[in-house]
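Hi,

Here is the structure I said I would pass on. Have a look at it first, and my notes follow underneath.

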Amino acid sequence: MVEHSPRQGSIEVICGPMFSGKSEELIRRVKRATIARRRVQVFKPALDDRYDASAVASHSQQKHEAVPVGSTAELASRLDPLVEVIAVDEVQFLDDPIVELLERLADRGVRVIAAGLDQDFAGAPFGVMPALLAKAEYVSKLQAICMVCGAPASRSQRLVRSGGQVLVGAAEAYEARCRHCHTVPPPSDHQLLGEVP
Ligand code: ADP
Ligand code: ZN
């Protein structure tokens, strides 16, 4: 087992709405760590198969190999004991124990890079993100471009009618919007409308 200096471990969170460049930024950091000859592992929730089941892919078609995992327990079982850098994309889709696992890794000296949506389509905090943001040493909050007015965009506008927090999709189901152009259907509509295939 490589002895890491515990002083080197930390948690970096990259957050923001869809299309803000989170995956691009994660891939950029992973590439640089690889150039530095660090031992890197990249994970993503198995749920997110927008483009490729075994790669992190950005909307601009950049890609990096990733291990798809269904849960924190599965991620833990796939960890290389010698890992120096671990990156997790779309971390908002993982279950609660991911926060403690990433903290333990950072305590042990691992550099943790986690990217995810800070808000869901209704503008509410998404899953484990608030906890992870609170624990992180470094936070990069990115913005996209609002597709209505061209301002910086902090929110993901759902373009199809669906009540659930999780509706995995890309350009066809969502667009980036600023606070002022973002709209949320009233909760009563969510139930009336149901899931649209
Ligand atoms: P995220 O992981 O945050 O969803 P990606 O890294 O996958 O973002 O994609 C970012 C890329 O998406 C940009 O570099 C750009 O090419 C493209 N893009 C498409 N729509 C937008 C938008 N509204 N604002 C900014 N970038 C956009
Ligand atoms: Zn706008």
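Helix 1 gives the most to the shell around ligand 1, contributing three residues. Keep in mind that this is a predicted model. Helix 1 and strand 9 (144–145) are the elements that put two or more residues into that shell. In total 15 residues surround ligand 1, and the closest are F19, K22, S23, E24 and H59.

On the polar side, there are three backbone contacts you may want to click through:

- H59: a polar backbone atom sits 2.7 Å from an oxygen atom of ligand 1.
- S20: a backbone N or O atom is 3.1 Å from an oxygen atom of ligand 1.
- P17: a backbone N or O atom is 3.5 Å from an oxygen atom of ligand 1.

As for cover, ligand 1 has 590 Å² of accessible area on its own, and the protein covers 77% of that.

Back to helix 1 itself. Does its length add up? The helix has 14 residues (22–35), so at 1.5 Å a residue it should span 20 Å, and its end C-alpha atoms are indeed 20 Å apart. Its buried residues are K22, S23, E25, L26, I27, R29, V30 and A33, and two of these, K22 and S23, are also among the closest residues to ligand 1. After the helix comes R37, with a positive phi near 60 degrees.

Just ahead of helix 1, P17 sits in the loop that links it to strand 1 (10–16). P17 has a relative accessibility of 1%, so it counts as buried. Its C-alpha is 8.3 Å from that of D120, although the two are 103 residues apart in sequence. The backbone nitrogen of M18, meanwhile, is 3.0 Å from a polar side-chain atom of S156. S156 belongs to strand 11 (residues 155–158) and is buried, at 4% relative accessible area.

Now the metal. Which residues hold the zinc ion (ligand 2)? The zinc ion is coordinated by the SG atoms of C146, C149, C178 and C181, at 2.3 to 2.4 Å. The angles between the four donor atoms run from 100 to 117 degrees, and the arrangement is therefore tetrahedral. For reference, the ideal angle for four tetrahedral donors is 109.5 degrees. Along the sequence the donor residues follow the spacing C-x2-C-x28-C-x2-C. Both C178 and C181 are buried.

P185 is in the loop between strand 12 (174–177) and helix 5 (187–193). P185 has a relative accessible area of 33%, so it is partly exposed. Its C-alpha lies 8.3 Å from that of A122, with their positions 63 residues apart along the chain.

Two more backbone angles, in case you are checking torsions. Q61 is not a glycine, yet has a positive phi of about 70 degrees; E90, also a residue other than glycine, has a positive phi near 50 degrees. Both are in loops: Q61 between strand 3 (55–57) and strand 4 (63–65), and E90 between strand 6 (85–88) and helix 3 (98–107). Buried or exposed? Q61 is exposed, with a relative accessible area of 56%, whereas E90 is buried at 8%.

Cheers

Terms used
Residues numbered from 1 in each chain as written. Chains lettered and ligands numbered in written order. Predicted model: local features only at pLDDT ≥ 70, side-chain atom pairs only at ≥ 80, totals over all residues. Heavy atoms only, no water. Helix = DSSP H or I, 4+ residues; strand = E, 2+ residues; numbered from the N terminus. Expected span 1.5 Å × (residues − 1). Buried < 20%, exposed > 50% of the residue type's maximum accessible area, 1.4 Å probe, protein only. Donors = N, O, S within 2.8 Å, 3.2 Å for Na, K, Ca; no water. Tetrahedral: all angles 85-135°; square planar, octahedral: opposite > 155°, others 65-115°. Near = heavy atom within 4 Å. Polar contact = N/O pair within 3.5 Å; in protein donor to acceptor, adjacent residues only side chain to side chain. Areas by Shrake-Rupley, 256 points an atom, 1.4 Å probe, with all protein chains shown as cover.
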